Each structure stands twice: as C-alpha cells, then as structure tokens.
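Got the viewer open? Switch to a cartoon view and keep the selection box handy; we'll hop from strand to strand.

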Amino acid sequence: FCSGRGTCDFSSGTCYCFDGYTGIACSESSYYTSAANSLPGAYFEMDGGDYTGTAVDIRTSKAGATDFNMINAKADDVEVFTVRGDGRMSSYS
C-alpha cells in the first residue's frame, strides 16, 4: 500500500508519504528539480584544493542487477549514456 513509501489510512484510503515521496500513492519523488535556459539542473561544488571526498554518491538498497539504471543521461530526450544497476556503462553516439 502507498507504494511501500508511506502509511495508509485504510478508513479514508489516504496515503501519508514518507520524506522524499509525494503523490496520491507516494509513487513520485519529491526531490525533483527543474531548470530552464542555461541554469544547471543540479550543481555540486566541492571546494578546496585538498578535497578528497566523493562528489556524487548514488545508492540503492536493491542489490546490483540489470533490471534498473543508476544513471540515465539524455540530451533532447535522446539517451547519451546509461549506467545500469550492475555497473555496466553504455554510451550512444
């Protein structure tokens, strides 16, 4: 119920979504951003010449598998590259 991302009030049928999810059935991410023109959709800045951390850390609780993508990059709705859930990378030209 509630896509496993919230609690359901069975008397009313209403879902109360956990942080990070929204929608009638809690099936949509609420951490979505959109940008227009030349603004970046996401911008990360690791400051300092001695930075040694991880700039972007993408995690899933699901084990590595071929049935999902960790990254799917598109340009004008055309796939440019993907990183599958098992780590296989593909680029398209």
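In which sense do S6 and strand S7 pair, and over how many bridges? Select residues 89-91 for S7 and show S6 alongside: the two are antiparallel, with three bridges between them. Bear in mind that this is a predicted model.

Now pick Ser90 in S7, the bridge partner of Thr82. Then go to the connection: four residues lie between the strands in the hairpin of S6 and S7, and Gly87 has a positive phi there, near 95°.

Next, turn to the other neighbour of S6. Select residues 69-75 for strand S5 and residues 78-84 for S6; they run antiparallel and are joined by six bridges. Two bridge pairs are worth showing as sticks. Asn72 has Thr82 in S6 as its bridge partner, and Lys74 has Glu79. Keep Thr82 highlighted, as it turns up twice: it is the partner of Asn72 and also of Ser90 in S7.

What sits in the turn of this hairpin? Just two residues separate S5 and S6, and Asp76 in the turn has a positive phi of about 50°.

Time to zoom out and select the three strands together. They make an open sheet, ordered S5-S6-S7, with antiparallel pairing. S5 and S7 each have a single partner strand, so they stand at the edges and one side of each has no neighbour in the sheet. Look along the sheet for the twist: on average, neighbouring strands are turned by 15° against each other, direction ignored.

Last stop: turn on side chains. In a regular strand they alternate between the two faces of the sheet.

Note on methods. Residues numbered from 1 in each chain as written. Predicted model: local features only at pLDDT ≥ 70, side-chain atom pairs only at ≥ 80, totals over all residues. Heavy atoms only, no water. Pairing = 2+ DSSP bridges. Axes fitted to C-alpha atoms, helices over the stretch in contact; angles between N-to-C directions.
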